[in-house]
Amino acid sequence: MNTTASGSELICPLCGKNNRCAVTRGAPVEACWCRDTPIAASALAAVPTEMIGKACLCPACAQTKGDSPID
């Protein structure tokens, strides 16, 4: 994941909402929600190729199959 925030890396590539990534806000990786949340393999597989390694999923999308976030 790119650690310099310019805008697009703050947005979940699946739903377009804020991904709540602590690293892009300048916090240590240990402070990020993803350290304690299981991320569905199917959600990772749904990330568009051009966004892999550039933007994190949001917590809701990370827990889905990548097609319908849990609200």
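A residue counts as buried when its relative accessible area is under 20%. By that yardstick Cys58, at 6% relative accessibility, is buried. The model discussed here is a predicted one, and buried residues make up 31% of the 71 residues in its protein chain.

On the whole, there's little regular secondary structure to list: the chain has two helices and zero strands. Helix α1 covers residues 41-45, while helix α2 takes in residues 59-62. Of the contacts with a separation of 6 or more, 53% are between residues 24 or more positions apart. The accessible surface of the chain adds up to about 4,400 Å², and carbon and sulfur atoms account for 54% of that.

Now for the inside. The largest nonpolar core has 15 residues, and Cys12, Cys32, Leu57 and Cys58 are the ones with the most contacts inside it. Helix α2 supplies the largest share of this core, namely three residues. As for Cys12, its contacts beyond four places in sequence take in Lys17 and Asn19, along with Cys56, Leu57, Cys58 and Cys61. Two of the residues it touches, Leu57 and Cys58, also appear among those with the most contacts inside the core.

With cysteines in the picture, how many disulfides are there? The count comes to zero. A pair of cysteine sulfur atoms has to lie within 2.5 Å to count as a disulfide, so Cys15 is in none: its nearest cysteine sulfur, that of Cys58, is 3.7 Å away. Cys58 is likewise in no disulfide, and the nearest cysteine sulfur to it, belonging to Cys61, is also 3.7 Å away. In terms of exposure, Cys15 has a relative accessible area of 29% and is therefore partly exposed, whereas Cys58 is buried at 6%.

Next comes Pro59, which sits in helix α2. Is Pro59 buried or exposed? With a relative accessible area of 14%, Pro59 is buried. Setting aside neighbours within four places in sequence, Pro59 is in contact with Asn19, Arg20 and Trp33. Asn19 is also on the contact list of Cys12. The C-alpha atom of Pro59 is 9.3 Å from that of Pro38, a residue 21 positions away along the chain.

Finally, Thr24 is found in the segment before α1. Thr24 has a relative accessibility of 8%, so it counts as buried. A polar atom of the Thr24 side chain lies 3.0 Å from the backbone oxygen of Cys21.

Technical notes. Residues are numbered from 1 along each chain as its sequence is written. This is a predicted model: local features need pLDDT of at least 70, side-chain atom pairs count only at pLDDT 80 or more; totals for chains, interfaces and linings use all residues. Side-chain values use heavy atoms; hydrogens and water are left out. Buried means under 20% relative accessible area, exposed over 50%, partly exposed in between (1.4 Å probe, protein chains only). A nonpolar core is a set of buried Ala, Val, Leu, Ile, Met, Phe, Trp, Tyr and Cys residues joined through side-chain atoms within 4.5 Å. Helices (H or I, at least four residues) and strands (E, at least two) are DSSP runs, numbered from the N terminus. Contact means heavy atoms within 4.5 Å. A polar contact is a pair of N or O atoms within 3.5 Å; within protein, one must be able to donate a hydrogen and the other to accept it, and residues adjacent in sequence count only if both atoms are side-chain atoms. Accessible areas come from the Shrake-Rupley method with a 1.4 Å probe; for residues, only the protein chains shown count as cover.
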